[in-house]
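Here is a walk through one protein model. Please follow along in the sequence and the 3D view as each part comes up.

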Amino acid sequence: MTPILTATLIIAAVGALAALALAVADKYLAVKEDPRIGLVTAALPGANCGGCGFAGCGAYARALVDGTAAPGACTAADAACAAEIGRILGVAAEATEKRVALVLCCGTRSEAVRIGDYNGLCDCSAAHATAGGDKGCRFGCLGYGACANVCPRNAIRIEDGLAAVDKRLCIGCGKCVAACPRKLIRLVPAKATVHVLCNNPLRGPEVNKVCGVGCMGCHLCEKNAGGKEAGHFAFEGFLARVNYDNPPTDAQLVAKCPRHCIREDAHYETGK
């Protein structure tokens, strides 16, 4: 028998023994997975956005079956999805209220003052780290797309130096909220239709210096929405904030805002 043939036979024998060992291990040592994990994974939207707090839909499905996650944590799931997951798990269906991202700024390049010419990386964090960015309002959207770059559904685009969210595509995962260096993106109920698109809490004269559509804290929105007692608005410094636990629904508030920073969804969605 030649050395080459001997070596070949030894390698083949070792391979056969290894295959046999693996087959035995697979039969007697394998950990059986609950079949419901695959069913729940298939029922989930498959966005793998991480909005539920898990690495992806598969990890969330495993946690649901194990009983270590809340059934209503998927931000992208609708009522039908929640009902199917409830049926698989044998529990009551739980659908969370749909929430979408809202950019609290309407200061486009034509409305907001620019105090410099930023020529660095096209990223909001980089611009913000460079002397606070090139926008006069230090509370406003820089418009360099940090939020758009992390959106798993391409629901955000930059229009005239301002981030715009299409609520029809947004799944409320919150990645844009974490990515914004100025913390001016919030998740709000999708059913809300009236929004204050400003993030500057300073006095009116200070706001006027840097933006033509910034909130000046005149309280007219609160007055026109039934007064303070109605509870549709709250004020942060001189900035009106919508109370999303009790949001206003009167579309007339848009026309009555002297600064035009109160907008409806028609302005909030892209392509409208």
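Directly after helix α3 comes G67. The phi angle of G67 is positive, near 80°. This is a predicted model, and the values here are computed from it.

Step back into the helix itself. α3 covers residues 57-66. Its buried residues are C57, Y60, A61, A63, L64 and V65. What do the buried residues of α3 pack against? They meet two other helices, α2 (35-43) and α4 (79-89).

Two residues of α3, Y60 and A61, were just listed as buried. In soluble globular proteins, nonpolar side chains tend to be buried together. The model has a largest nonpolar core of 44 residues. Inside that core, V103, I156, I185, V196 and F233 have the most contacts. Several elements each supply at least two of its residues: β1 (99-103), α6 (146-150), β3 (162-165), β4 (185-189), β5, β7 (239-242) and α10 (252-256). β1 gives the most, with 4 residues. A second core is separate and has 16 residues. Y60 and A61 belong to this second core, and so do A69 and L89.

Return to the largest core and pick out I156, one of the residues with the most contacts inside it. Which residues does I156 touch, leaving aside those up to four places away in sequence? They are C147, A148, C151, A163, A164, V165 and C176.

Next, a polar residue. N199 sits in the loop between β5 (194-196) and α8 (204-210). Is N199 buried or exposed? N199 counts as buried because its relative accessibility is 9%, and the cut-off for buried is under 20%. The side chain of N199 has polar partners. One of its polar atoms lies 3.2 Å from the backbone oxygen of F139. The N199 side chain also makes a polar contact of 2.9 Å with the side chain of R241. Beyond four places away in sequence, N199 touches L104, F139, R182, K183, L184, L239 and R241.

Finally, turn to the surface. L17, L20, V24 and Y28 form a nonpolar patch there. Together they have about 460 Å² of accessible area. V24 is found in helix α1, which spans residues 3-28. V24 is partly exposed, because its relative accessible area is 41%, and partly exposed lies between the limits of 20% and 50%.

Definitions and conventions: Residues numbered from 1 in each chain as written. Predicted model: local features only at pLDDT ≥ 70, side-chain atom pairs only at ≥ 80, totals over all residues. Heavy atoms only, no water. Buried < 20%, exposed > 50% of the residue type's maximum accessible area, 1.4 Å probe, protein only. Contact = heavy atoms within 4.5 Å. Patch = residues over 30% accessible without salt bridge, like charges linked within 9 Å, V, L, I, M, F, W, Y side chains within 5 Å. Areas by Shrake-Rupley, 256 points an atom, 1.4 Å probe, with all protein chains shown as cover. Salt bridge = Lys/Arg side-chain N within 4 Å of Asp/Glu carboxyl O. Polar contact = N/O pair within 3.5 Å; in protein donor to acceptor, adjacent residues only side chain to side chain. Core = buried A, V, L, I, M, F, W, Y, C linked by side-chain atoms within 4.5 Å.
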